[in-house]
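User: I'd like to go through this model and see what backs up each label we put on it. Can you walk me through the reasoning?

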Amino acid sequence: MTEKLYNNLLFQSIFLMSFLILVGLLIPNWLVFVITKAIAYGLVGLGIITLMRGGLVSFGQGFVFGIGGYTAGLLGTQAGLTDAMLLLFVSFLFTGLVGLIIAPLLARYRDIFFAMLSLAFSMVLYGILIKIDAIGGSDGFVLPESTYFGIKPSSEYADYVLYVVAIIMTGFISILLRYYYDSTPGLIALAVRENELRVEYLGSSAFNVAVLNFTIAAGLGGMGGALNGIALGHIDPEFTYWTTSGEFVFISILAGYLSVPAVFLAALLLELVRSFSGRYFPDTWQLILGLFLILSIIFIPSGIGSFFKQFFDRLKKSK
Amino acid sequence: MVDEILTIVLDGAIYASWLFIVALGLTFVFGVLKILNIAHGGIYALGAYSTATLVPIFYSLGMPEQLVILAMLVSALAVAIVITPIMERGILRRFYGQDEVLIVLVTYAIYLVLEDVQKLIWGMNSLYVSEPRELLGALEFGSLYYVGYDLALIGLAIFCGLFLWFVLNKTQSGKIVLAVIHNPEISGCMGVNINKVYLAAFFIGAFLAALAGSFTAPLISVQVGISVAVVIESFAVVIIGGLGSIPGAVIGALIIGMARAACVHKLPEAEIFIMYFCMAGMLIFKPKGLFQGAQARKI
């Protein structure tokens, strides 16, 4: 039964990915760019929902977002590495490693204290980055154009190629995460969310769950940061600022922790609201974004993912 | 050398007193309503803007100069009166009892809205109201000159802190608030109108934020973006002192104020991140802050 379900998932995901890649050819270039950015933000949001499954919310994912972005940027400008896939992968690994190092420190905290300490980390990084003039200080720096297997796509297709790469890499990561969520350690996280002390009495470690989840969240956030930097072609300390982190939390709350695709849908919604209100109401886009946040929290408190879950549960029942 | 230390201490104290007034409101609101209010910074900015609007009107009416303080108080009060019903009654009330982090996100959304409300009302230009700053003249410390108004801020901060402490600990309504902080459900059963207490507490918090804004307005150019830094700075103060603790806010403000003043004079590169550094350090070694008692764990 489970074997069949997993095959199903793989098939569904590959179908969805191919569909999106084909759609990318038809939609205008700006939308391709917006979706790529949404994928970048969605990756960070995916990290936060991984933490949320264990009952933690980080208000400082800008920290890993920034580290990922700067890793990709510095490898590009200093080491001459321009292969986008390699940059994304290296940022994922490196930020994951950084996450693994600071995770034991963070994993001791819960609730608002976890949120605040992660926020403090991101702001310390922000304070340091704007002071290092060698990497542009508060202005940041420009990334070299990306290549793919040594080929540099012409400028009209550059956005599309990155979009395809982002969809494929993110698609496979999402599949792996789904497997992880349904595995034993992934399910223990849900138990920790319900009652940490009982989980410990039953012989599992809530601390280890938090460390593992934070490491995964860090890797995902780093990859998101790298993707965002490559898509924009520019990196600055704003990546690590608390307002950026706030947007990631919003994405994950809007999505809820039940569904992986919901995160990307939430990220896309945020990006669309931002780019439309930025275009038509340039002076009041924050107002519109803020109202959108409040309304969506009031009306969908458990997230878009809860709709997905209801829908699929009903589908299963009718079978 | 002595001058330098004196400069650092005085600069630090002035900065700390400003920070304390903001953080006092933040920590009080958290103590009573259990809401870490990001929009607090937005209310601070509204206070600064309303003073920048009201004080010139006040002068144009030809009122006596000394009463300008009154105009500043009125502008802070006006902001609190307008913002409290909208925020507390209108929005936050729907989220009581929900996850703390969710409420933080809601206040973040309100913060975003307030940012643009400032732009819509007052536009993108900087406003200046430096007149009140000249009111109290200058004072001399050895070879140093300090503006009297800046030093008076220290007095204002001490007054605010002592007043709130007095009300909470020595009056009946204060004790009711303490009871609500301790256990809202049981206080409710005893006949306390919790909603009223929450509204009043939020009003006081908003008033303190606006007050800090209106008394800072003469020191700065009031412009778009003054709230964004305040948010994290006041967070750092309450985290260092312990969420919901007034003595904690005093110590937190002093630590951040002094550290910042020392950095400005001795190590200007570190000025920006010293407070985040203090906040991170405190969280690592004493996560609940300096003045937070032990809490029962739910099994």
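Analyst: Sure, and keep in mind that this is a predicted model. A good place to start is chain A, where the axes of helix H4 (residues 84-106) and helix H9 (residues 206-232) come within 7 Å and cross at roughly 145°.

User: What is the handedness of the crossing where H4(A) passes H9(A)?

Analyst: H4(A) passes H9(A) in a right-handed crossing. As for who takes part, the residues of that contact split into 18 nonpolar, 9 polar and no charged.

User: Over to chain B. How do you know that the span of helix H4 (residues 100-122) is close to the expected one?

Analyst: Set the two values side by side: H4(B) has 23 residues and reaches 33 Å from first C-alpha to last, and at 1.5 Å a residue you'd expect 33 Å. Right after the helix comes Gly123(B), with a positive phi near 75°.

User: What makes H4(B) largely enclosed by the rest of the structure?

Analyst: A residue is buried once 20 or more other C-beta atoms lie within 10 Å of its own. In H4(B), 17 of the 23 residues are buried, so the helix is largely enclosed.

User: How many residues does each chain put into the contact between chain A and chain B?

Analyst: Chain A puts in 35 residues and chain B 32. On the chain A side, H5 (111-129), H10 (242-255) and H12 (285-299) each supply at least two residues. H5(A) gives the most, with 12. By class, that side of chain A has 27 nonpolar, 5 polar and 3 charged residues.

Conventions. Residues are numbered from 1 along each chain as its sequence is written. Chains are lettered from A and ligands numbered from 1 in the order in which they are written. This is a predicted model: local features need pLDDT of at least 70, side-chain atom pairs count only at pLDDT 80 or more; totals for chains, interfaces and linings use all residues. Helices (H or I, at least four residues) and strands (E, at least two) are DSSP runs, numbered from the N terminus. The expected span of a helix is 1.5 Å times one less than its number of residues. A residue is buried if 20 or more other C-beta atoms lie within 10 Å of its own, exposed if 12 or fewer, and partly exposed in between; C-beta atoms are placed from the backbone. Two residues are in contact if their C-beta atoms, placed from the backbone, lie within 7 Å. Ala, Val, Leu, Ile, Met, Phe, Trp, Tyr, Cys and Pro count as nonpolar, Asp, Glu, Lys and Arg as charged, and the others, Gly among them, as polar. Axes are lines fitted to C-alpha atoms, for helices over the stretch in contact, and angles run from 0 to 180 degrees between N-to-C directions. A crossing is left-handed if the near helix is turned anticlockwise from the far one by less than a right angle, and right-handed if clockwise.
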